[in-house]
Amino acid sequence: MEAGMPDPMRQIDAVVDTDTLPPPRVRQQLRLAGGLTQADVAEAIGVQRVAVARWEAGLTQPHRNNRLKYAALLRQLAEEHPAAVQGVPGGD
């Protein structure tokens, strides 16, 4: 591969990473660490509060566009509150 050309695998990893969600329990831990309610998260993403409750319970998964927004929010919370995922199964 020539220098300066983007690595296709890195591009793929970046796309996959942008919509990969942590386990439901970690989602809740991150929200709580950020001092957010389910209603706050729902408003930020543009869904009903019950949708966030179901995502956190592992009953349903967000659709593509909502998953991208939710993943970005969770990633931001994880960066701001890394201790929130320590010791939580699936959060290491």
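Two residues are said to be in contact here when heavy atoms of one lie within 4.5 Å of heavy atoms of the other. With that in mind, the contacts of this predicted model can be sorted by how far apart the partners stand along the chain: among contacts with a separation of 6 or more, 64% are made by residues 24 or more positions apart.

The overall plan can be read from one end of the chain to the other. The protein chain has five helices and zero strands, and along the sequence these elements follow the pattern α-α-α-α-α. Of its 92 residues, 29% count as buried, while the accessible surface of the chain comes to about 6,000 Å², with 54% of that area belonging to carbon and sulfur atoms.

A good place to go next is the interior. The largest nonpolar core holds 17 residues, and those that touch the most other members are Leu30, Val41, Ile45, Val47, Val52, Trp55 and Tyr70. Helices α2, α3, α4 and α5 each supply at least two residues of this core, and α5 gives the most, with five residues. Isoleucine 45, one of the well-connected members just named, shows what such a position looks like in detail: setting aside neighbours within four places in sequence, isoleucine 45 is in contact with Trp55, Asn66, Lys69 and Tyr70.

Two of those partners also meet each other. A search of the whole structure finds one aromatic pair, and this pair is formed by tryptophan 55 and tyrosine 70, whose rings are tilted, with 4.8 Å from centre to centre and 40° between the planes. Because tryptophan 55 lies in helix α4 and tyrosine 70 lies in helix α5, which covers residues 64-80, the pair ties together parts that are 15 residues apart in sequence. Both rings belong to buried residues, since buried means under 20% relative accessible area, and the values are 3% for tryptophan 55 and 1% for tyrosine 70.

Charged side chains offer a second link between helices. Side chains of opposite charge can pair when their charged atoms come close. The search of the whole structure finds one salt bridge, in which the side chains of glutamate 56 and arginine 31 meet at 2.5 Å, taken from N to O. Glutamate 56 lies in helix α4 and arginine 31 in helix α2 (residues 24-33), so this pair ties together parts that are 25 residues apart in sequence. Although the two side chains are charged, glutamate 56 counts as buried at 8% relative accessibility, and arginine 31 likewise counts as buried at 7%.

Glutamate 56 has a further partner. Glutamine 38, which is found in helix α3, makes a polar contact through its side chain with the side chain of glutamate 56, at 3.0 Å. Not counting residues up to four places away in sequence, glutamine 38 touches Arg31, Arg49, Val52, Ala53 and Glu56, a list that includes both members of the salt bridge. With a relative accessible area of 17%, glutamine 38 is buried.

Is another glutamine, glutamine 48, buried or exposed? Glutamine 48 is found in the loop between α3 (38-45) and α4 (49-57), and at 61% relative accessibility it counts as exposed, because the exposed class begins over 50%. The C-alpha atoms of glutamine 48 and glutamine 38 are separated by 9.1 Å, and the two residues stand 10 residues apart along the chain.

Methods:
Residues are numbered from 1 along each chain as its sequence is written. This is a predicted model: local features need pLDDT of at least 70, side-chain atom pairs count only at pLDDT 80 or more; totals for chains, interfaces and linings use all residues. Side-chain values use heavy atoms; hydrogens and water are left out. Helices (H or I, at least four residues) and strands (E, at least two) are DSSP runs, numbered from the N terminus. Buried means under 20% relative accessible area, exposed over 50%, partly exposed in between (1.4 Å probe, protein chains only). Accessible areas come from the Shrake-Rupley method with a 1.4 Å probe; for residues, only the protein chains shown count as cover. Rings of Phe, Tyr and Trp (its six-membered ring) pair if their centres lie within 6.5 Å; planes under 30 degrees apart count as stacked, over 60 as edge-to-face and the rest as tilted. A salt bridge is a side-chain nitrogen of Lys or Arg within 4 Å of a carboxyl oxygen of Asp or Glu. A polar contact is a pair of N or O atoms within 3.5 Å; within protein, one must be able to donate a hydrogen and the other to accept it, and residues adjacent in sequence count only if both atoms are side-chain atoms. A nonpolar core is a set of buried Ala, Val, Leu, Ile, Met, Phe, Trp, Tyr and Cys residues joined through side-chain atoms within 4.5 Å.
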